[in-house]
Number of protein chains: 2
Amino acid sequence: MLTNRQLLILQVTVDDFIQTAQPVGSRQLSKKEEVPFSPATIRNDMADLEDLGYLEKTHTSSGRIPSEKGYRFYVDHLLTPQLATSDDMQQIQSIFQERITETEQVIQKTAMILSELTTYTSILLGPDVGKHRVKRFSIVPLSNDSAVAIIITDSGHVENRLFQLPEGLTAPDIEKMVNILNEQLTGVYLHDLQRVLEKETTTLLNRHIGRYSELMTSFGAALSSPHEEKVFYGGKSKLLHHPEFSDMQKARSLITIMDQANQISTLFSPNQSGIHIRIGSENTLLEMEDCSVITASYTIGEEQMGSIAIIGPTRMDYRRVVTLLDVMSGDLSRELTRILRGSR
Amino acid sequence: MLTNRQLLILQVTVDDFIQTAQPVGSRQLSKKEEVPFSPATIRNDMADLEDLGYLEKTHTSSGRIPSEKGYRFYVDHLLTPQLATSDDMQQIQSIFQERITETEQVIQKTAMILSELTTYTSILLGPDVGKHRVKRFSIVPLSNDSAVAIIITDSGHVENRLFQLPEGLTAPDIEKMVNILNEQLTGVYLHDLQRVLEKETTTLLNRHIGRYSELMTSFGAALSSPHEEKVFYGGKSKLLHHPEFSDMQKARSLITIMDQANQISTLFSPNQSGIHIRIGSENTLLEMEDCSVITASYTIGEEQMGSIAIIGPTRMDYRRVVTLLDVMSGDLSRELTRILRGSR
DNA sequence: GTTAGCACTCATCACTTGCGAGTGCTAATA
DNA sequence: TATTAGCACTCGCAAGTGATGAGTGCTAAC
């Protein structure tokens with residue numbers, strides 16, 4: 001068990017290192033007024049903390065830096081909550097000042113502001129479209145052999161796909177098909193769309209529309225392509241300004257991995273509420289071993305919609321980021337709910 | 001006027017520097033078989049070329065590197081055309097193998113492949129939506145006070161906007177409105193949409209729909225928000241692998257500028273066909289002074305649709321990039337035309 | 001239990017030095 | 001006359017050196 005003094009020293013060490021990015025020495029610590037001990041005392045405690053694995057040295061005679069275990073302990077036990085400053089609050093409010101009507105725009109702007117406030121990179125995972133239900137379905141022919149299929153969801157999201165029309169399909173055929181599909185598909189989750197399309201509507205449509213199976217080849221294929229969650233970035237370049245990434249090697253691999261959306265989504269823990277912190281190698285991505293990722297999620301009404309993540313160096317300002325993420329996820333949820341459920 | 005030998009030496013110098021990124025010395029050049037001269041002779045010519053401003057030295061006793069003027073001359077007079085290798089052709093074909101039906105997907109994949117083939121960053125400017133015409137207009141109510149407006153263009157592009165419904169607007173009202181707007185707006189360029197909406201349809205709608213002006217406040221505002229050209233990136237991180245950007249300072253400002261889509265669009269010369277090359281400070285962006293940008297454009301049918309750009313260091317492989325861009329812009333035009341005009 | 005004192009460690013920085021690739025100039029050569 | 005060989009000179013770069021200072025661990029005194 002750690003003594004109170006050791007707890008204090010660990011906390012102050014982490015705090016100091018987060019601020020300066022320099023190894024923390026005993027003399028330096030003893031100068032702070034919240035640490036009323038001599039350097040020698042601090043050295044002893046630091047040696048103990050090192051033995052326990054909370055601190056490490058960069059070389060034999062350097063100051064200490066927190067280990068991953070140290071950060072983990074700090075985050076779990078030493079992180080005192082903090083209120084957002086009114087300055088921050090003001091910035092956050094500014095997102096919602098102009099009554100933007102696009103969810104995507106709101107999300108994009110949130111990403112930007114978050115990265116500005118934190119000086120780290122933010123990633124927002126857009127709503128999982130699969131969880132939305134079909135509200136309306138329609139087909140608009142463009143020429144005599146191509147058309148665009150449009151699905152509007154109850155959340156106001158619009159999916160559209162181009163597809164080829166088989167030769168000789170008549171306009172009444174299409175109209176009939178749209179009517180049937182609207183009846184059959186309304187209320188169906190986009191996740192289930194393909195299944196329903198294949199199993200339940202096929203026989204019905206076959207009965208009414210000639211050349212139906214031919215149509216399905218291109219139409220079904222178009223609709224079956226996955227409804228992916230969009231990824232929004234804020235301040236991709238922000239990370240490069242922190243000294244831990246002045247090593248080109250690291251900077252490169254980080255920028256590279258961020259260009260691969262499929263890799264990035266592994267950073268998000270699937271669908272849990274609250275704020276989660278992954279430190280260094282707790283992230284599964286090898287390229288992220290020097291990074292910490294803090295995630296939260298936002299909701300619309302009661303339903304979980306998407307996730308927010310902040311990526312920074314392991315030496316990141318956990319307290320500030322947690323505070324901001326907490327405020328932001330709440331505000332974003334409220335705003336999106338307002339837009340979609342519409343209260344004036 | 002440059003002698004033939006000077007032309008040769010300039011060409012070989014640029015070629016060599018493009019490949020190695022190292023200053024080129026006279027001894028080194030004389031070893032190549034295409035240069036049957038002694039180092040001393042080469043030195044004399046190089047000195048002349050330096051006087052004329054085509055070459056420069058990094059320090060008094062270093063080899064020469066091309067100046068911007070040197071690159072310009074090289075690009076204008078010494079760039080021998082080249083056929084794309086079958087290997088490259090194969091890769092390019094692979095984009096169009098799977099019959100993708102989304103223009104955006106094709107463009108995105110093109111961006112990716114281009115950056116893979118060139119090892120530079122590619123930027124594709126999406127179609128200028130303003131140049132498309134309205135094909136169909138519709139409104140889908142989501143709740144009793146919000147709805148989504150949808151515009152389908154003749155190119156199969158779909159624009160959608162959420163907006164608030166004024167209280168007490170009836171379903172028949174909406175239907176009437178959609179009918180009128182469809183009649184009035186079909187065929188109108190998206191560029192002109194707001195103007196038409198304000199001037200020509202207002203009186204007509206006012207006559208038929210109560211509370212119309214109220215509706216316009218939120219509906220018009222939603223539709224008037226600009227239809228921006230989308231920007232697609234390929235291989236943002238690719239640039240960082242080239243030695244000229246191992247300087248953190250430069251790498252940072254480059255990545256930063258690429259995050260600002262509005263800055264990026266200034267790189268494109270408006271709407272000219274053919275391939276254009278901007279070298280170093282010929283680019284208006286200060287951050288790009290060490291970069292060259294090569295642009296081309298793609299068309300659908302006869303109409304110019306969007307632009308392609310490759311961004312690399314000034315020391316970029318101009319010949320290869322020009323060749324690839326030439327092939328790619330042609331193929332992309334053909335493919336997009338196929339998708340939209342539909343030939344089987 | 002805490003602290004002062006001391007010998008020791010190691011990164012960092014300024015400075016020197018030798019090396020080598022490259023140059024310009026001059027005189028010899030074809 | 002155009003080309004080439006030879007030579008002295010320049011300068012970036014890498015390796016080596018030594019001084020500096022921040023930091024440590026340990027021991028003995030408080």
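Trainee: Which element gives the largest share of the surface near DNA strand C?

Mentor: Bear in mind that this is a predicted model, where local features need pLDDT of at least 70, side-chain atom pairs count only at pLDDT 80 or more, and totals for chains, interfaces and linings use all residues. Residues are numbered from 1 along each chain as its sequence is written, while chains are lettered from A and ligands numbered from 1 in the order in which they are written. "Near" means a C-beta atom, placed from the backbone, within 6 Å of the strand, and helices (H or I, at least four residues) and strands (E, at least two) are DSSP runs, numbered from the N terminus. The largest share of that surface, four residues, comes from α3(B).

Trainee: Of the 20 residues around DNA strand C, which come nearest?

Mentor: The list draws on both chains. One name is from chain B, B:Gly25. The others are A:Thr41, A:His59, A:Thr60 and A:Ser61.

Trainee: And for DNA strand D, how many residues of the nearby surface are charged?

Mentor: Strand D has 20 residues around it, with A:Gly25, B:Thr41, B:His59, B:Thr60 and B:Ser61 coming nearest. Count Ala, Val, Leu, Ile, Met, Phe, Trp, Tyr, Cys and Pro as nonpolar, Asp, Glu, Lys and Arg as charged, and the others, Gly among them, as polar. That gives five nonpolar and twelve polar residues, and the charged ones number three.

Trainee: What kind of axis relates chain B to chain A?

Mentor: Superpose by least squares on the C-alpha atoms of residues with pLDDT of at least 70 in both copies. Chain B then lands on chain A with an RMSD of 0.1 Å, after a turn of 180° and a shift of 0.0 Å along the axis. That's why we call it a two-fold axis.

Trainee: Which residue of chain B comes closest to that rotation axis?

Mentor: Go by C-alpha distance. At 3.7 Å from the axis, the pick is B:Met248.

Trainee: Which element gives the most to the side of chain B that touches chain A?

Mentor: Two residues are in contact if their C-beta atoms, placed from the backbone, lie within 7 Å. By that rule the interface takes 36 residues from chain B and 36 residues from chain A. Elements of chain B giving at least two residues include β4 (134–141), β5 (146–153) and α12 (318–341). With six residues, the top contributor is β6(B).

Trainee: Within what arc do the buried residues of α10(B) fall?

Mentor: "Buried" means 20 or more other C-beta atoms within 10 Å of a residue's own (exposed is 12 or fewer, partly exposed in between), with C-beta atoms placed from the backbone. In α10(B), that covers B:Ala251, B:Arg252, B:Leu254, B:Ile255 and B:Met258. Taking directions from the helix axis to the C-beta atoms, these buried residues line one face of the helix because they fall within an arc of 170°.

Trainee: Is B:Ile294 buried or exposed?

Mentor: B:Ile294 sits in strand β9 (residues 291–300) of chain B. Leaving out residues up to four places away in sequence, B:Ile294 touches B:Ile275, B:Ile277, B:Ala309, B:Ile310, B:Val321, B:Val322 and B:Leu325. B:Leu325 is 31 residues along the chain from B:Ile294, yet their C-alpha atoms are separated by 8.4 Å. With 24 other C-beta atoms within 10 Å, B:Ile294 is buried.
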